[in-house]
Structure formats: C-alpha cells, structure tokens
Amino acid sequence: MSALDVSVFPSDFAWGAATAAYQIEGGWNLDGKGPSIWDTFCHAKGQVFEDQTGEVACNSYQLWEKDLKCIQQLGLTHYRLSISWSRLLPDGTTNHVNPKGVAYYNKVINDLITCDVTTMVTLYHFDLPQALQDRGGWNSAEIADIFESYARFCFKTFGDRVKLWITLNEPYVCAKLGHEDGIIAPGIKEPGISAYVAAHNMVRAHTKAWHSYNADFRPLQGGQISLALNSDWTEPLDPGCPKDVAATERYKAFTLGWFAWPLFCTGDYPESMRSRIEAKSLELGYNQGSRLPHFSKNEPSPLGTADFFALNYYTSRKVKDWNSACKNSELSFKCDQGAEGVVDPSWPICGVHWLAVVPDGLRKLLKHIKDTYTNLPIYITENGFSQMGPVQIEDVDRCHFYHDTLQEVCKAISQDGVNVKGYFAWSLMDNFEWIHGFSVRFGLFHVDFATPELKRTIYRSGREYAAVISKHRTETKSKNVEDILSRNV
Ligand code: BGC
C-alpha cells in the first residue's frame, strides 16, 4: 500500500466526520421534542430491521460530551451534524419554539468552538416534523415557505457561530425512496408522480432558504450555504453499446442532474429529463398536466443558489438500457429514466447489499462535477464503509477503504485540478442506519448498543484516520514555519 501524500491537501483542508440527528440523538420525546416522520415510520411495525427505532440510538441528546470526546480523539477540524427540526420547532413552524431544543444545539455548537472544531449544520436530514407531514409534507407547495421560516430561525439563532450550512441532505433519496418506492419515511408509494413533486418542493425550499441567507444574513454572518447531493459514479455496462451509453446519460440526468442542473446550469431540470417524462406521459395517455413541475417566474430562481458543491459519494454503478423492460402501462420513475444501474461483479460489497466499494469512482465523479457543473469548492460531505455481522474493532477492510479513497481524492486534487476543500467520513460513530436499524455499522467509533452506557470505542480505522489528520496538521505547521522563516530572510 503506497503511503498517502498528505502534503497534497490544502493547508485549510476540512477533516471531518458526519452524523444526522435521527440517527444519533435519541431523546425522541424528551423535553418538548415533537415527533418526526421517522418516529412514525419506525413505530409502524414491519418497516425497519427487527422493528428497531431511533428512540434512543446513540443517545447523543444526553451523551453529547461522549461524542465530543470522540471528535477530539480523531482530531477533526470539522464536524457535520444535523438539527432535528421538530426538537427545535415541535410542530415545524416558528409559532412554537422549544427552548430546550435551542439550548441543546447552542451547547453543542459552543462546545465545538471551544475545542476549535468548525461546525457544518444540515437543516434537514430526512426527519420532517410529523405535524408538517400531516399537512402534506414535501408534496405540499406551502412547505417551501415553512422551511424558509425554519431556516431563518436557525440562521438568526445559530448563525453568529455557524458558517457552513447545508439546507437539505440528499433530496434524491428523500424523493425517490420516500415518495416513489415508499421504503423510507414518509413511506409514500406513488410511482411516477410524487417523487417529482416532493423534489420540486425541496428545490424551492432550498432556493428560498439560500436567498434569505444571501440577502439578510450573509452580510453580517459571512457564511456559506449549499445543498448536499448524493451521486454514484456511473459508466455504461457495455461502452460499445449505444443504448447503454444513452441510458447512462439518462441515469445521470435523473439522479445528480435532477438537482444539479437547476442549481448550477440552467435554473431548470435537465432538458433530457423533461422531454423523457413528457414523452412517457403522452405514450401512457397521462393527461393531468406535466408530471415534472415547472419553476415559477414569480419565485426566485434556483440557479446560483450554492456557495460550494456538497457531495455524498458511496458507490458506483454500471448502467444498462431499461426501455424494453418497461411494461407499456407502467408509470414510474424507472421507466421515465429507462435505465438500470447494476453492480460490477468484480467490485467487493461491504455490509449493505448496495454498497459496492469503488474508491476510484469518487475521483471520476469529482472530475465530472468540475467539468459539467462548477469549479466551486467541493466538500465531500459523506463517504463511508459499512460492517454487518460480527463486530471487528480491527476493521482492516475499512482502513484500506479510507486509505484508497483518500488516495483518489489526492489524485483528483493534484492531477485533475479539482478544488476539493474537505472530506467528511460517514460516520463519527455507529448509529441507526435507517431501515437497517443497528445491524449495519458505519462508524469510526463502535457503539455498544447492548448496554445503557452506549460505550464508544475507536475502531482501527478511526485511529488511522486520526493519524492522517495529525500528519497533515504537523506538515502544515512546519510548512507555515518555513514560509515565515523564508519571508524573514
Ligand atoms: C445518508 C446517511 C446514511 C448513509 C449510509 C446517506 O445516504 O445521508 O444518513 O446513513 O447514506 O446509508
């Protein structure tokens, strides 16, 4: 294994780890918190592995100091957390603020500052207040204004100290898995319809929050704000087959392009996505208007509403044409897309079935983003490796994974000229992995869920990540000293 050349990373590189409120906090009904759609989803039986829930999870609501120790032990420069919307605003609106929720996040943010760790805050990581779902959730147009009020509340309350904001985490996952497939909260299965509406309202919500920040908070607070987009790297299954090549382009348009085009390219969805959906609607005799909503001229445009590119990368896919596999009468996202992503048999799988380990896909994706979308700084806001089955504290495979991945990030910086500003490992510690409950472990720290203390123990991969960070810090410091000395000569 060749050594990692940490000198390639810029001196102010963000070394981070990420978590999300529902996955770690617990305290689901403590101190005035309102329920979220994930509380509801987990309480309905048969949706999550062994009917587990995030009621307690890592109990970070009460054990925050333990998390802080982990963050310090890793030597992180940055920590990405998410706010539980319904802990702060139990019914989702600013009509009722929960002071204990405000106090909790104030403590977390202040403690991080004391420890010299920069906080990146995600406003929404899948856990919509149930009260808002009862009003239609992401399928209701009013949600964009309600989200904007929530975002403004957070900017006003925490923005003097938080300078890196993510509005929404992975709108693709939320829309597709939550509103098309119905396999995550809120569990809506309305193929070919609901995901487009939910996604549209998410983009509108993000856009309004960005414009609010830009106009009313940035001048004083000086922070940056973006939207975290997940994307696989994709290539045609058979590069010599024109149908697979075209399917790969469609796959890209319907995943990353769905959100990146409005923000970085045109202010609208990819033209290929629009024309496919219109053509399919026509073919199927669907006549209730366009299934892919249009952006209104009376609202601010999404174009330009990202101060950096926030990328969650986990895996890659080979893409094949799916057109002929679609039944004539089928209304669905997949038939609109007409493409299927498959795992190359040569890729190892880690833990969960979907997670093929393809570190070099990250380098290719970073270059694709630079070439297609923007030269803005890129933060890799999530990337990780899961374990299932017997716990291995000496998690050698995960160590290799992080090593290989950081090598690819190095190459993206030094050979492809991509402006990568930071890397956040998913996750700081093992946590509630959505429908897989606690059966899948992504942490740099092991959490013993069998005991009430929920003891955190560093994995070998955590120790190795800490060593990389420390090496980079030391090299940066000595380089700074050299620079000062050479200036004085
Ligand atoms: C999500 C995380 C999740 C991770 C691993 C990402 O899609 O943002 O919440 O735990 O993937 O599945």
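Mentor: Ala, Val, Leu, Ile, Met, Phe, Trp, Tyr, Cys and Pro count as nonpolar, Asp, Glu, Lys and Arg as charged, and the others, Gly among them, as polar. By these classes, the shell around the ligand has five nonpolar, three polar and three charged residues. This is a predicted model, in which local features need pLDDT of at least 70, side-chain atom pairs count only at pLDDT 80 or more, and totals for chains, interfaces and linings use all residues. Residues are numbered from 1 along each chain as its sequence is written, and side-chain values use heavy atoms, with hydrogens and water left out.

Trainee: What makes a residue one of those around the ligand?

Mentor: One of its heavy atoms must lie within 4 Å of the ligand. Among the residues that qualify are Gln23, Tyr314, Trp354, Glu382 and Phe442.

Trainee: Why is the pair between Glu170 and the ligand called a polar contact?

Mentor: A polar contact is a pair of N or O atoms within 3.5 Å. An N or O atom in the Glu170 side chain is 2.5 Å from a ligand oxygen, so the pair meets that limit. For His125 the corresponding distance is 2.8 Å, and for a polar side-chain atom of Asn169 it is 2.9 Å.

Trainee: How do you know that the ligand sits in the largest pocket?

Mentor: The test is that more than half of its atoms lie within 2 Å of the grid points of the pocket, and the ligand is assigned to the largest pocket.

Key:
A polar contact is a pair of N or O atoms within 3.5 Å; within protein, one must be able to donate a hydrogen and the other to accept it, and residues adjacent in sequence count only if both atoms are side-chain atoms. On a 1 Å grid over the protein atoms alone, a cavity is a set of points where a 1.4 Å probe fits but cannot get out, and a pocket is an open set with protein on both sides within 12 Å along at least five of seven lines; lining residues have an atom within 4 Å of a point.
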